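Let's take a walk through a protein together. Keep the picture open beside you and look for links and empty spaces as we go.

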Amino acid sequence: MDASWFEPVRAYCERTDAAFWSEPVNAATNAAFLVAAFLAARIAPGDRPVQILAGVVGVVGIGSFLFHTFANRWSLLADVIPIAIFIYGYFGLALARFFGLSPGVAGLATLGFAGAGFGLSPALDALTGRDVAALTNGSIDYLPAVLALLGVGLALAGRTAWAGRAVLVTGGLFLASLVFRTIDAQVCAALPLGTHFLWHSLNALVLYRLLATAARFRAAHPGLPAAV
């Protein structure tokens with residue numbers, strides 16, 4: 001493997017050097033994702049899409065643990081790729097399960113959503129003349145997910161009120177978790193521990209709530225196709 005893949009990455013307050021345990025709290029709070037994955041899998045034993053995404057949540061926790069311990073370029077990919085898989089996987093599931101779109105149409109819409117997400121940072125950089133990702137500690141990349149949750153929640157509220165409310169509340173929690181992720185670099189002087197661990201804790205709750213909502217929706221609509 002190219003030596004550049006082992007280049008150290010210091011992204012958060014808690015890390016003070018390149019040591020494996022330089023971020024003990026950030027590393028330990030990834031256990032919240034494993035708990036969320038376990039609980040989500042238990043509440044939906046026969047729901048294949050939710051079971052698969054629960055597994056992805058577990059991988060999110062493992063990948064994030066690797067990044068907050070090894071803290072280099074390869075472990076950064078181990079952190080961000082599972083998160084992206086969950087975001088796009090859940091978006092596609094939401095379109096098919098909540099709104100009755102066919103898997104093909106939901107898949108095409110998800111590809112469009114992914115393309116818009118990948119193009120957001122370059123577009124904002126060109127518009128503002130600044131590195132928006134650096135200014136937001138990379139949190140700008142999650143803005144499409146926030147907007148998607150709010151959009152899905154609002155649209156769903158008119159069809160199934162309880163599910164719409166659940167997604168909207170979860171979107172609010174995700175926005176709060178994103179604030180803690182964003183301000184981590186700004187609070188270092190006052191709070192050397194930083195706030196990234198709160199992103200882990202709240203985000204694990206967000207992922208669990210999303211899967212629980214999807215599972216409850218399926219239970220309330222037993223006629224849904226097995227694929228969704």
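We'll start with a sulfur link and then move on to the pockets.

One thing to keep in mind is that this is a predicted model. Now, how many disulfides does a search of the whole structure find? Just one turns up. Its two partners are C13 and C188, and their sulfur atoms sit 1.8 Å apart. If you look along the S-S bond, the angle about it is -105 degrees, which makes the link of C13 and C188 left-handed.

So what does that link tie together? C13 belongs to the segment before α1 (24-28), while C188 is in the loop between α8 (161-183) and α9 (196-220), so the bond connects parts that are 175 residues apart in sequence. Try finding both ends in the picture. Is C13 buried or exposed? Its relative accessibility is 4%, and because buried means under 20%, C13 counts as buried. C188 is another story: with 28% relative accessibility, C188 counts as partly exposed.

Now for the empty spaces. Rolling a probe the size of a water molecule over the atoms shows where there is room left. The largest pocket holds about 720 Å³ of space. It is lined by 34 residues, and the ones closest to its centre are V80, G138, D141, Y142 and R181.

Which helices build that lining? At least two residues come from each of α3 (48-70), α4 (73-99), α5 (103-128), α7 (143-157) and α9. The top contributor is α4, which gives nine residues to the lining of the largest pocket. Sorted by class, the lining of the largest pocket has 22 nonpolar residues, nine polar ones and three charged ones.

Next comes the second largest pocket, with about 190 Å³ of space. To find it, look for the residues that line it, among them P49, I52, L53, G89, G92 and L93. A227 and V228 are also in the lining of the second largest pocket. Here α3, α4 and α5 each supply at least two lining residues. Which helix gives the most to this second lining? That's α4, with four residues.

What about the classes in the second largest pocket? Its lining divides into nine nonpolar residues, two polar ones and no charged ones. If you go back to the picture now, follow α4: this helix gives the most to the lining of the largest pocket, and α4 also gives the most to the lining of the second largest pocket.

Methods: Residues are numbered from 1 along each chain as its sequence is written. This is a predicted model: local features need pLDDT of at least 70, side-chain atom pairs count only at pLDDT 80 or more; totals for chains, interfaces and linings use all residues. Side-chain values use heavy atoms; hydrogens and water are left out. A disulfide is a pair of cysteine sulfur atoms within 2.5 Å. Buried means under 20% relative accessible area, exposed over 50%, partly exposed in between (1.4 Å probe, protein chains only). On a 1 Å grid over the protein atoms alone, a cavity is a set of points where a 1.4 Å probe fits but cannot get out, and a pocket is an open set with protein on both sides within 12 Å along at least five of seven lines; lining residues have an atom within 4 Å of a point. Grid points are joined across faces, edges and corners, and a volume is the space filled by probe spheres set on the points. Ala, Val, Leu, Ile, Met, Phe, Trp, Tyr, Cys and Pro count as nonpolar, Asp, Glu, Lys and Arg as charged, and the others, Gly among them, as polar.
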